[in-house]
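Dear colleague,

I am passing this structure on to you, and I would be glad if you could look through it before reading my notes. The notes come after it.

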Amino acid sequence: MSNAFTPLPTPGPASAPARSKPRRWPWLTGYAAAFLLGLAVGAVGDSKATKVVTEQVEVPGEIPGEQREALQQREAELDERNIELDERSAELDAREAALQEEEQEVAANTIGEGVWTVGVDIEPGTYRATDVSSMCYWEIRQTGVTGFEGVINNGLPGGGNPSVTLSEGQDFQTNRCGEWTKQ
């Protein structure tokens, strides 16, 4: 055996069957035609899409641009006004609280009709009535003592602005004199 390589016999042109080459250009032409058609359709479609996007279309119920901007500006102004009103409301609430405190203090230092025990019902101090009637009567008496022995001071001013000084251990009675305010 020989170690040499022997090539295989090659058939000659006469002995080989005729083999046809595949034609590649028809399907390439189809792809190219489809591609160009797609570009053409895309170009036409893009111009229409651009036109639709750039055209202003009125939608029922939609506010036109200028009016919308005016409304947005007005809304911003109203928001600012609401903030101002909230601040003002807070200021008024603070003033009202201060007035209520002052009114409570005045009420605590004001004596009306009746009999009051100094140091229990009312604070000691000097009290003044304003424009009393001619029927006014007031009396300071020692607490717990009845009758004339307990009377420390009294008055029938008949008008004007009488004042009294009250100390602990006394009762104060006022009739038809209006209100007495601590000085």
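What follows is a short account of the salt bridges and of one arginine.

Please keep in mind throughout that this is a predicted model.

I began with the charged pairs. Side chains of opposite charge can pair when their charged atoms come close. In this model the count comes to 5 salt bridges, and I describe some of them here, including two within helix α2.

Helix α2 covers residues 65–108, and one of its pairs is formed by arginine 74 and glutamate 77, whose closest N and O atoms are 3.5 Å apart. Since these two residues stand 3 positions from each other in the helix, about one helical turn separates them. Arginine 74 is partly exposed, with a relative accessible area of 45%, and glutamate 77 is likewise partly exposed, at 37%.

Another pair in helix α2 joins arginine 81 to glutamate 84, with 3.3 Å between the closest N and O atoms of the salt bridge. Here too the residues are 3 apart, which puts about one helical turn between them. Glutamate 84 has a relative accessible area of 41% and is therefore partly exposed, while arginine 81, at 45%, also counts as partly exposed.

A further salt bridge, between the side chains of glutamate 123 and lysine 182, has an N to O distance of 3.0 Å. Glutamate 123 belongs to the loop between β2 (114–117) and β3 (125–129), whereas lysine 182 belongs to strand β8 (residues 180–182), so this pair ties together parts that lie 59 residues apart in sequence. Glutamate 123 is partly exposed, with a relative accessible area of 43%, and lysine 182 is partly exposed as well, at 25%.

The other residue I would point you to is arginine 141, which is found in strand β4 (residues 137–142). Is arginine 141 buried or exposed? Its relative accessible area is 19%, and because the cut-off for buried is under 20%, arginine 141 counts as buried. The side chain of arginine 141 makes a polar contact of 3.0 Å with the side chain of glutamate 139. When neighbours within four places in sequence are set aside, the residues in contact with arginine 141 are Thr146, Gly147, Gly150, Val151, Ile152, Gly169, Gln170 and Asp171.

With kind regards

Notes
Residues are numbered from 1 along each chain as its sequence is written. This is a predicted model: local features need pLDDT of at least 70, side-chain atom pairs count only at pLDDT 80 or more; totals for chains, interfaces and linings use all residues. Side-chain values use heavy atoms; hydrogens and water are left out. Helices (H or I, at least four residues) and strands (E, at least two) are DSSP runs, numbered from the N terminus. Buried means under 20% relative accessible area, exposed over 50%, partly exposed in between (1.4 Å probe, protein chains only). A polar contact is a pair of N or O atoms within 3.5 Å; within protein, one must be able to donate a hydrogen and the other to accept it, and residues adjacent in sequence count only if both atoms are side-chain atoms. Contact means heavy atoms within 4.5 Å. A salt bridge is a side-chain nitrogen of Lys or Arg within 4 Å of a carboxyl oxygen of Asp or Glu.
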